[in-house]
Amino acid sequence: MNRLATAAVITLLLSACAAKPSNIPAKEISSARYSQLSCGALLTMRSEKQSEIDDLSGAQNRKRIIDGVSNVLIVPGAASLFNDSSEPLGRAKGELNAMVREYDRRCLDSVPAPANPSSNDTEATDAEPADGQ
């Protein structure tokens, strides 16, 4: 009977914790909403969205810690009554995925060539003409 009670308490404690940020799936967001943006604007927005995801992931991790502490020290499940960041994090992940899809669809072909040519190209352009001129 004691084992059953222990198992029930452990199950309750684990079920009341906020999800790990990496386990929160991205929402499905259409890339069409980003179709009017320039490639530069998409890159800027991608960077900003990644920063938002990092912030939300940090908040979600803090929520996991609070849930764990409250489950042990206060009342199991009490902290889960407060919102976590899973909804906005899932939405932000989906928005980032949509931006990446739109950027890949439209902008990859317009990326300039690398600034450093390969060594074979350099040798061909630096070599003197064969006739000695």
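The exercises below, each with a worked solution, concern the predicted model shown above. Residues are numbered from 1 along each chain as its sequence is written, and side-chain values use heavy atoms, with hydrogens and water left out. Because the model is predicted, local features need pLDDT of at least 70 and side-chain atom pairs count only at pLDDT 80 or more, while totals for chains, interfaces and linings use all residues.

**Exercise 1.** Find which residues form the largest nonpolar core, and which helix gives the most to this core.

*Solution.* Begin with the terms: a nonpolar core is a set of buried Ala, Val, Leu, Ile, Met, Phe, Trp, Tyr and Cys residues joined through side-chain atoms within 4.5 Å, where buried means under 20% relative accessible area, exposed over 50% and partly exposed in between, with a 1.4 Å probe and protein chains only. By this rule the largest core has seven residues, namely Ile29, Tyr34, Leu42, Ala98, Met99, Tyr103 and Cys107. Next, assign the helices, which are DSSP runs of H or I with at least four residues, numbered from the N terminus; helix H3, residues 86-107, gives the most to this core, with four residues. A second, separate core has six residues, among them Ile53, Leu56, Leu89 and Ala92.

**Exercise 2.** Locate the disulfide and state which parts of the chain the pair links.

*Solution.* A disulfide is a pair of cysteine sulfur atoms within 2.5 Å, and the count comes to one. The bond joins Cys39 to Cys107, with 1.9 Å from S to S, and with -90° about the S-S bond the link is left-handed. Cys39 lies in helix H2 (residues 39-73) and Cys107 in helix H3, so that distant parts of the chain, 68 residues apart, are linked. Finally, compare the exposure of the two ends: Cys39 is partly exposed at 23% relative accessible area, whereas Cys107 is buried at 1%.

**Exercise 3.** Work out where the salt bridge of Arg33 and Glu95 sits, and which residues are linked with this pair in a network.

*Solution.* A salt bridge is a side-chain nitrogen of Lys or Arg within 4 Å of a carboxyl oxygen of Asp or Glu; Arg33 and Glu95 meet at 3.9 Å, N to O. Arg33 lies in the loop between H1 and H2 and Glu95 in helix H3, so the pair ties together parts 62 residues apart in sequence. Arg33 is exposed at 53% relative accessibility, while Glu95 is buried at 9%. The network of salt bridges links Arg33, Lys49, Glu52, Arg91 and Glu95.

Conventions:
Helix = DSSP H or I, 4+ residues; strand = E, 2+ residues; numbered from the N terminus.
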